[in-house]
Every structure is written in C-alpha cells, then in structure tokens.
Amino acid sequence: MEEQNKPLLSYAQDELIAYFETLGLPAFRAGQVRRWIFSRKTDRFSLMSDISKDVRAQLTTLFSRPKSADVGFTPLLIANGVQTPVAADAYDSDDSLYEGRVVAKSLSDDGSEKLLIEWRDGRRVECVLLRDDRDHRTACVSVQVGCAMGCAFCASGLGGFARNLTKSEMLEQLLRLNALLPKEERLTHIVVMGTGEPTLNLDALLPALAEATSKDGLDIGNRRVTISTVGVPAGIRRLAEAKVPYKLAVSLHAPNDRIRDAIMPQNKIHPIAEVLSAADAFFRTTGRRVTYEYILLDGVNASVENARELARLLRNKTAIVNVIPYNPAPELPFKTPSNATVRRFVDALEGAGIQVKVRFRKGDKINAACGQLRWSLRDK
Ligand code: SF4
C-alpha cells in the first residue's frame with residue numbers, strides 16, 4: 001500500500017506535474033485533476049470521470065483521508081440558530097482530496113453560509129460565503145487557528161493563538177465555499193478577514209492567493225482580493241515591497257492611541273502613527289488606495305467627536321473608511337450602536353471630506369463575526 005502523501009492542494013501546478021511523473025503518470029493527468037478541482041468544483045476522485053479507475057484509486061489512496069472510520073462523528077447543520085445533526089458523510093466523502101472535514105454548516109436567511117472545518121490535528125477554523133445583490137460571491141477565509149492579536153471585540157482571540165494555517169488549508173476553505181454555490185456561479189471576491197492576522201502568515205497566504213487568482217486556478221481577479229491586517233507595519237511593508245496586486249485593508253477601529261490601546265493590544269507595540277506610515281508606503285509603492293476598517297462600538301469609538309478625530313487623522317490621505325456597525329457576540333461586552341449613531345458618525349466623516357462606506361452586517365444569525373461559531377461549538 002502506498003503511503004499517504006502531503007495534501008494535494010499543497011502542490012502548485014508544476015510541482016504536481018513533477019510529482020505525478022515520479023508516479024509514472026503523464027503530465028496531462030495533473031492538468032485534468034486541477035481542472036476538476038478548480039473549474040468543475042469536485043473534490044472527489046471517484047467523480048473525475050475522464051481519469052481511469054485505476055488512477056483514481058491510486059490518487060484516493062495517496063491523498064484521501066477516510067472519514068467513515070471516525071465512529072461517533074456527527075456533523076451539524078445550523079439554521080435559524082437550531083442545530084440538527086446530519087449524517088457523517090453529509091459534507092465529506094471518503095474519496096475526497098480535502099484534508100479537513102466540515103464539523104458544522106450554518107445558514108443565514110441573508111444567503112450567508114459558514115463552515116466550521118476541523119483539520120487533521122483536531123484544530124478548527126471558520127470560513128464564510130457572503131452573497132449580495134450585486135452578484136458578488138465573496139469568500140471570507142481564515143489564516144490562523146485562533147489569533148494572538150487579542151482585539152477586545154473579537155471572538156477569534158478568545159482562547160488565544162494555536163498555529164498558522166497552511167497554503168492547502170487556506171485553498172481548501174476557498175474551494176469548499178466555491179462548491180457551495182450553484183453550478184453556474186463562482187466565487188467573485190476573496191476577503192482575508194477571517195480568523196488570524198494575515199501578515200503573520202504571508203509565506204502560506206501568498207501562494208494560496210496565487211492559486212486562487214491564477215487562470216488555471218479559481219481565476220478570481222487580483223483586484224477582487226482584499227487582505228485585511230490589524231496593522232503590523234513590517235507585514236504591510238513586505239506587501240508593499242512585494243508589490244502584491246491585491247487590495248489592503250487596515251483595521252483601525254479607533255481615532256487615537258488611547259482608544260486603540262484599550263481595544264487592540266497590538267497598538268501598544270505599533271501605535272497608530274507607525275501603522276499609518278506603513279499604509280502610506282503601501283499606497284506610494286502600489287498606487288492602490290488603502291481601506292481603513294472601523295468597527296463602531298457603542299459608547300467606545302462611535303461619537304461625532306471620534307469621527308472628527310478620525311477625519312483629522314486621515315486628512316490628506318487617499319483612503320476610504322469602511323464603517324462596520326459591531327456584530328454582537330454574546331460572550332463579549334460590546335454593543336451595536338443605533339442607526340442614528342451610525343448616521344451621525346458617517347455624516348461627520350463625510351462632512352470632513354472623508355470617503356465612507358457603511359458595511360452592513362451579514363450573517364448575524366450564523367455567528368458570522370470572526371470566531372463566533374468556533375467558540376460557540378468549542379466543547380462539542
Ligand atoms: S479582529 Fe482579527 S486581528 Fe483582531 S483578534 Fe480578531 S482575528 Fe485577530
């Protein structure tokens with residue numbers, strides 16, 4: 001019996017060709033397999049019908065992790081907050097090339113779907129498919145198991161950091177979300193805004209995004225990919241120097257160091273001025289406008305005076321502010337501001353000449369905020 005290989009999704013195209021050659025398989029087999037995975041949304045070797053049965057069996061032995069052997073594994077379907085156990089093979093099959101398995105799938109009536117995936121080491125991460133009425137089909141992916149940044153408003157930081165995700169684990173999230181869509185639809189956008197700090201795992205993230213954006217990968221446009229960082233200056237500068245073709249979003253969430261220190265401990269190491277200076281370098285090098293994310297927390301950072309201070313901070317920058325009314329998490333003490341508070345905040349920013357977008361919350365009912373589903377199912 002052949003030994004289990006490293007994950008199929010860890011191979012870039014040329015690496016897969018080279019590996020297949022060592023197995024005595026012709027190069028075109030690698031192209032066939034990748035077409036099934038990326039274009040035809042199939043993770044099951046048994047469905048790759050233009051490949052001979054013998055080769056399919058060989059690939060299954062090399063790359064699949066039989067899941068039916070896991071006695072007592074019961075995945076969940078969560079709809080409208082109600083958890084229903086589903087069959088062990090409802091989300092995954094024994095001949096899948098995926099490394100992980102879906103522990104829970106959560107649906108929202110706004111069309112969002114969240115997956116909680118468990119990896120081979122038992123660690124879990126979340127990823128979300130977001131649909132909107134502009135036909136955007138956006139994947140929000142995680143880059144780490146847990147997060148060390150400890151933002152006070154985020155459930156992902158609860159429980160701390162466990163490890164970085166691999167390139168193949170990130171690609172798997174994207175492919176699984178892509179496969180949730182009907183046959184005629186595909187992912188159009190990627191936001192790297194799930195659990196973890198992207199700039200601390202660029203060695204795995206950038207190869208995963210290269211596959212996601214390549215013509216023979218998921219073929220998602222470079223400008224439709226956004227990397228969102230808490231603001232690690234060295235990481236932002238690395239993205240700038242590499243001239244990555246993606247968009248950059250910086251989680252600012254406060255107009256001054258006093259408030260940011262209180263809700264984002266990372267700010268004590270890299271205060272706002274350092275973060276903005278690195279973001280300016282990204283703009284200068286790439287020519288791409290930076291988005292500043294700003295979660296509105298009632299009574300913390302959402303006053304008109306906070307908005308005016310933020311406007312002063314971003315004056316003379318080519319930037320846009322994404323205002324996000326807080327998505328409540330039962331385990332955290334923060335409150336969502338009223339619509340009137342949001343309106344006053346946005347008006348004050350716009351009045352000061354700042355370009356603003358309000359990102360309305362999606363997926364409240366599916367624990368769509370970072371880390372909430374993982375946290376709510378942690379003991380199960
Ligand atoms: S908001 Fe992002 S950086 Fe902050 S703790 Fe959550 S996952 Fe980490």
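## Exercises on a predicted model

Thr138 touches Val128, Leu129, Leu130, Leu187, His189 and Val191, leaving aside residues up to four places away in sequence. The model behind these exercises is predicted.

**Exercise 1.** Place Thr138 in its strand and decide whether Thr138 is buried or exposed.

*Solution.* Step 1: the strand that holds Thr138 is E6, residues 137–140. Step 2: the relative accessible area of Thr138 is 11%. Step 3: buried means under 20%, so Thr138 is buried.

**Exercise 2.** Do the equivalent for Thr291, and list what Thr291 contacts beyond four places in sequence.

*Solution.* Step 1: Thr291 sits in strand E12, which covers residues 290–296. Step 2: because its relative accessibility is 16%, Thr291 counts as buried. Step 3: with neighbours within four places in sequence set aside, Thr291 is in contact with Leu248, Ala249, Val250, Ile320 and Asn322.

**Exercise 3.** Identify the residues of the largest nonpolar core that touch the most other members, then give the contacts of Tyr292.

*Solution.* Step 1: the largest nonpolar core has 85 residues. Step 2: those touching the most other members are Phe20, Ile37, Phe63, Leu174, Ile190, Tyr292 and Leu349. Step 3: for Tyr292, again without neighbours within four places in sequence, the contacts are Val250, Leu252, Leu276, Ala279, Leu314, Lys317, Ala319, Ile320, Val321 and Asn322. Step 4: a separate, second core holds 18 residues, including Cys147, Val232, Leu297 and Ile324. As background, nonpolar side chains in soluble globular proteins tend to be buried together.

**Exercise 4.** Describe the second largest pocket by volume, lining and contributing elements.

*Solution.* Step 1: the volume of the second largest pocket is about 340 Å³. Step 2: 17 residues line this pocket, and Asp43, Tyr91, Tyr98, Arg176 and Ala179 are the closest to its centre. Step 3: at least two lining residues come from each of strand E3 (101–107) and helix H4 (167–180). Step 4: H4 gives the largest share, three residues. Step 5: by class, the lining consists of eight nonpolar, two polar and seven charged residues.

**Exercise 5.** State how many residues surround the ligand, which are the closest, and how the shell divides by class.

*Solution.* Step 1: the ligand is surrounded by ten residues. Step 2: the closest are Cys147, Met149, Cys151, Cys154 and Gly196. Step 3: six residues of the shell are nonpolar and four are polar, with no charged residue. Step 4: Cys147, one of the closest to the ligand, is also a member of the second core.

Definitions and conventions:
Residues numbered from 1 in each chain as written. Predicted model: local features only at pLDDT ≥ 70, side-chain atom pairs only at ≥ 80, totals over all residues. Heavy atoms only, no water. 1 Å grid on protein atoms, 1.4 Å probe; cavity = no way out; pocket = protein on both sides within 12 Å on 5 of 7 lines; lining within 4 Å. Points joined across faces, edges and corners; volume = space filled by probe spheres on them. Nonpolar A, V, L, I, M, F, W, Y, C, P; charged D, E, K, R; others polar. Core = buried A, V, L, I, M, F, W, Y, C linked by side-chain atoms within 4.5 Å. Buried < 20%, exposed > 50% of the residue type's maximum accessible area, 1.4 Å probe, protein only. Contact = heavy atoms within 4.5 Å. Near = heavy atom within 4 Å.
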